[in-house]
Amino acid sequence: MELAERSGEWAIVQRLGSIARASSAAQAIRSGRLAAYPGGEFEAVARSVVEQGRVEHRVYARYVGAESVA
């Protein structure tokens, strides 16, 4: 897994159509509801970012290992 290879480093993992969808996806990552992100091994946040006048709703995640204090 790419995030595991860069432990502790935040990366954009999704760009979604609304902050609500991005927040939901971040929560799914944090809680381990997605098979690609085992529970307790990842932190995730949702952010709205404006670049060049355009708004993007992003999900950032990072691998913290099985010892997460999320």
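Okay, let's start at one residue: glutamate 9 sits in the loop between helix H1, residues 2–5, and strand E1, residues 11–16. Before I go on, keep in mind that this is a predicted model.

So, is glutamate 9 buried, exposed or something in between? It counts as partly exposed, because its relative accessible area is 41%, and that class lies between the 20% and 50% cut-offs. Leaving out residues up to four places away in sequence, glutamate 9 touches Leu3, Ala61 and Arg62. There's also a distance you can check on the screen: from glutamate 9 to arginine 58 is 49 residues along the chain, and their C-alpha atoms are separated by 16 Å.

Now let's zoom out. What is the protein built from? Two helices and three strands. If you walk along the sequence, the pattern reads α-β-α-β-β.

The strands make an open sheet, in the order E1-E3-E2, and the pairing is antiparallel. E1 and E2 are the edge strands, each pairing on one side only. From one strand to the next, the twist averages 30 degrees. And then H2 packs on this sheet, where it touches E1, E2 and E3, and its direction makes about 160 degrees with that of E2.

Let's take the two pairings in turn. E1 and E3 pair in the antiparallel sense, over five bridges. For an example to find on the model, look for alanine 11, which stands opposite alanine 61 in E3. Ala61, remember, is also one of the residues that glutamate 9 touches.

On the other side, E2 covers residues 42–51 and E3 covers residues 54–63; these strands run antiparallel, with 10 bridges joining them. Here are a couple of partners to look up: serine 48 has histidine 57 in E3 as its bridge partner, and glutamate 51 has arginine 54.

What comes between E2 and E3 in this hairpin? Two residues, and glutamine 52 there takes a positive phi near 50 degrees. Notice that glutamine 52 has this positive phi although it is not a glycine. Its place is in the loop between E2 and E3. Buried or exposed, would you guess, for glutamine 52? It counts as exposed, because its relative accessibility is 86%, and the cut-off for exposed is over 50%.

Right after that loop we can look at arginine 54, which lies in strand E3. Arginine 54 is exposed as well, since its relative accessible area is 52%. As for the rest of the strand, E3 is mostly covered, with seven of its 10 residues buried. One more distance for arginine 54: tyrosine 37 is 17 residues away in sequence, yet the two are 29 Å apart in space, C-alpha to C-alpha.

Tyrosine 37 brings us to the inside. How many residues make up the largest nonpolar core? There are 13, and those with the most contacts inside it are Leu3, Ala26, Ile29, Tyr37, Phe42, Ala44 and Val59. The elements giving two or more residues to this core are helix H2, residues 19–31, together with E2 and E3. H2 gives the most, with four residues.

Let's pick one core residue and look around it. Alanine 26 touches Ala44, Val45, Ala46 and Val59, again not counting residues up to four places away in sequence. Two of the names in that list, Ala44 and Val59, are among the best-connected core residues too.

Last part: the protein as a whole. Its C-alpha atoms fill a box of roughly 40 × 20 × 20 Å, taken along the principal axes. How does the radius of gyration look for 70 residues? The protein has 12 Å, and a compact globule of this length would be near 11 Å, so the value agrees.

Of the 70 residues, 30% count as buried. The protein exposes about 4,400 Å², and carbon and sulfur atoms supply 48% of that. And if you take the contacts between residues at least 6 apart in sequence, 51% of them join residues at least 24 apart.

So, to recap while you rotate the model: there's an open sheet in the order E1-E3-E2, H2 packs on that sheet, and H2 also gives the most residues to the largest nonpolar core. Thanks, everyone!

Conventions:
Residues numbered from 1 in each chain as written. Predicted model: local features only at pLDDT ≥ 70, side-chain atom pairs only at ≥ 80, totals over all residues. Heavy atoms only, no water. Pairing = 2+ DSSP bridges. Buried < 20%, exposed > 50% of the residue type's maximum accessible area, 1.4 Å probe, protein only. Contact = heavy atoms within 4.5 Å. Core = buried A, V, L, I, M, F, W, Y, C linked by side-chain atoms within 4.5 Å. Rg over C-alpha atoms; globule rule 2.2 N^0.38 Å. Areas by Shrake-Rupley, 256 points an atom, 1.4 Å probe, with all protein chains shown as cover. Axes fitted to C-alpha atoms, helices over the stretch in contact; angles between N-to-C directions.
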